[in-house]
Amino acid sequence: MPEPDANKLGIPKGFCLSQNHDFREFATILKSCAACSAIRWGKVLHSSIVKLGHLSCQYVSKPLLNVYAKCGALSDCQKLFGEMGNHDPVSWNIVLSGFAGVRTHDVEAMRMFCAMHVANEPKPTSITIAIILPVYARLGELCTGKSVHSYAIKSGLETHTLVGNALVSMYAKCGLVLNDSYAAFNSIGDKDVVSWNAIIAGFSENGLMEDAFRLFRLMLKGSTKPNYATIVNIIPVCSSFHKFFAYHFGKEIHGYILRRNELGTDGFVSNALMSFYLRVGRMEVAELLFQRINSKDLVSWNALIAGYASNGEWLKALELFRKLLSLKTIGPDSVTLVSILPACAHLHNLQVGKEIHGFVLRHPHLQDDTAVGNALVNFYAKCDKTEAAYHTFLMISKRDLISWNSMLDAFVESGLHTQFLDLLHRMLSQGISPDSITILSIICFCYTLLRTEKVKETHCYSIKAGLFLGDTEPTIGNAMLDAYAKCGNLDYAFKVFQSLSGMRNLVTFNSMISSYISYGSHDKAHTIFNEMSATDLTTYNLMVRVYAENDNPDQALNLFREMQARGMKPDAVSIVSVLPVCTQMASAHLLRQCHGYATRACLDDLCLKGAILDVYAKCGSVDCAHKLFQSSPQKDLVMFTAMVGGYAMHGMGKEALEVFSHMLEWGVKPDHVIITSVLSACSHAGLVNEGLDIFCSIEKTYGMKLTMEQYSCVVDLLARGGQVNDAYSLVSGMPIEANANVWGTLLGACRTHHEVELGRVVADRLFTMEANNIGNYVVMSNLYAAEAIWDRVMEIRKLIRTRDLKKPAGCSWIELEQKKNIFIAGDSSHPQRSIIYSTLSALDQQIKEPFQLKQQLNLLALGVS
């Protein structure tokens, strides 16, 4: 920064240093040098003062000493201080303030204060104590700070405003705000605005927001008016409250600012207000404030860019960043770049991110900034450019733990397990201790590999390092619980759950419930649910799923309604959880309600649409499924699979093939599920050639291995086409051993086409593979009965009795006028059974009439001939 010229320093034109000047004139010029940090002019004046023999004059030596102190020339300052004959409190305070103003010289400042205190002449003043106490606060030297406090009490300085303010700040920064800091505040005789600011900031910095706000309100009732610093301190306090109250209090403070013109025009206040509105999500107010700031500084731009990014307005953040770059007066700093890079990552805008990287490389001060380097690593990692992230990581000159954690996380997310382990070993070898974030990455690595023993090792280390229960929230404990569960070790997962007693939060309970559900332990999940004192939407979603999966549709619906009654708004997961209930109840009415809610709530989720489409098809509403499919502008594999499956279920093979072809045209790669659905559709529609073509393309075109389900579909396809022997040949020639499902399909085909001998061969296999499946025995018995082979029928029935097999009663149900009607074979308890049986009898008669008429016509024809 260039030094000001002589005129700006108040040096008259033609000023000659050799002349006899009034000492006060030197003092005035030296004061200007100190204010402007004009160290070169100060040294020139110092040289002349020495030559003129004026150094011994206190009017000159003290301002000169102040020049060196304010300009950070501490060695010159200390040397001049030693050359001065008499050291009064002012000269001591000047030197102390110089050392105290530079953090790297805190120890030297303490040493000088001790020297002054030991000399006892002159004695420390209130200014001296106000200078030294912040040094002790920075170093955490609480005991020494208390000693100074004791000295202040003995010297009668405690009630001095300067000393009281410094004590308030020191105790607050050392975490003793409630008692010591507040006591020091109360002991101040004449509180000024700095006193109030210090105690309000102290409470705020220690997380006691309500106390901070209470003191601010108390201040407003008194005679001391808040200044810009008060407002800048209290506005973040408001934003820490619940959004409703935060906005209410923030608006009141905004109104107060508008009534004070000097506050309304202050840049710091405007920036603080803008940040507040961004935190509470009032983007439009923040934008208006930004537009009204006459002289926007970089803080203003950074605040709005960061606000856009934190509120998910990535495009707006990028647009504002571009506007900032177009300015000639100011440019981006490290804060700007750290705010904008996450926006580029979310937008996957690799080009802009690379341009920012180039900008960083052209500015050495940014290249040396660790935070910027970390942001670039995260940016490349989020854009799936792990190699670029690693190169950037290597270029960070001063890596901190965040750098290592960012890179480790990138390797885990990319599945680069070898690189992850190498980097972790390298980090540990450099003596860098993992923190909770590192442990979370390691846990993720362990359960990705499904290595329970590695999870145990990490668990052990986290306990020894004091990280497992070290935080107020059980983040690591929850992750550990989840990892054990994903590795299939529910016993250890539950042990972790028990060890977190007293620290459990909603995530802990939800993770345990989810773990039990994943492994079918629904009763245990229900037990955990009953133990919960508080629940959230995730809890209800999980429990609705439990009841739905256990064929308890009524309980699932009751819980879903209870969730709504508690004021929780169902999300996409909620609707997906309740959809199986619609299928179980075959309730098109309930399904339409779910679909309507999803539309009104703007739940634009492809997985949800696919699930609704699938249930429409299962409930028989193929037209509704088709309309939903057509109306969706975006279609993924799930939606195509659901539509193909729906057509397959209803024997609409050609329509299923059309959707499949349409999907291939879109460039969506098929998987086993949709190919199996297409094969099923071809089977039900009798499209033998088309089905065989798709079957042959599975390995040749798509490079996938054939699954048992696909073999089963083709067996059914051939059998329905009357090619039972070809189906048997296919099963016999399979490269893998056919399972019961495939043989069962073939047995059903034998029953349909009266292939008794082949059926007997197939049945013998099934009776060995599935000895307790009564369905196979019934099919074979029916096959023998159709061919009147009654002795074999009796053998099968005897075998059923010997093995004590019982066929469950057939059950069906239908929804009519939003009421479910259940029918069980052999049960006649339905209240409208008379009407039902009468109608069935009439329908049966109507079905028989055309056949009876045809028989009579045939007989007449024979008689005529």
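## A repeat span, a buried asparagine and helix 13

Residues 636-670 are 74% helix and 0% strand, with end C-alpha atoms that lie 10 Å apart. This is a predicted model, so please read every value here as computed from it. An unreviewed UniProt entry lists residues 636-670 under "repeat: PPR", along with 192-226, 297-327, 400-434, 505-535 and 536-570. Here are two of those spans side by side.

| Span | Helix | Strand | Distance between end C-alpha atoms |
|---|---|---|---|
| Residues 400-434 | 74% | 0% | 11 Å |
| Residues 636-670 | 74% | 0% | 10 Å |

Now let us visit one residue. Asn-197 sits in helix 11, which covers residues 193-205. Is Asn-197 buried or exposed? Its relative accessibility is 9%, and because buried means under 20%, Asn-197 counts as buried. Its side chain makes a polar contact with the side chain of Thr-230, at 2.5 Å. Setting aside neighbours within four places in sequence, Asn-197 is in contact with Asn-227, Ala-229, Thr-230 and Asn-233.

Thr-230 leads us on to helix 13, where it is one of the buried residues. The others are Ile-231, Ile-234, Ile-235, Val-237, Cys-238 and Ser-239. Which helices do the buried residues of helix 13 pack against? They pack against helix 11, helix 12 (209-221), helix 14 (243-259), helix 15 (261-264) and helix 16 (267-279).

At the start of helix 13, a side-chain oxygen of Asn-227 comes within 3.1 Å of the backbone nitrogen of Ala-229. Helix 13 has twelve residues (228-239), so at 1.5 Å a residue it should span 16 Å; its end C-alpha atoms are 17 Å apart, which agrees.

Terms used: Residues numbered from 1 in each chain as written. Predicted model: local features only at pLDDT ≥ 70, side-chain atom pairs only at ≥ 80, totals over all residues. Heavy atoms only, no water. Helix = DSSP H or I, 4+ residues; strand = E, 2+ residues; numbered from the N terminus. Buried < 20%, exposed > 50% of the residue type's maximum accessible area, 1.4 Å probe, protein only. Polar contact = N/O pair within 3.5 Å; in protein donor to acceptor, adjacent residues only side chain to side chain. Contact = heavy atoms within 4.5 Å. UniProt positions renumbered as here; feature names shortened; annotations may be inferred. Expected span 1.5 Å × (residues − 1).
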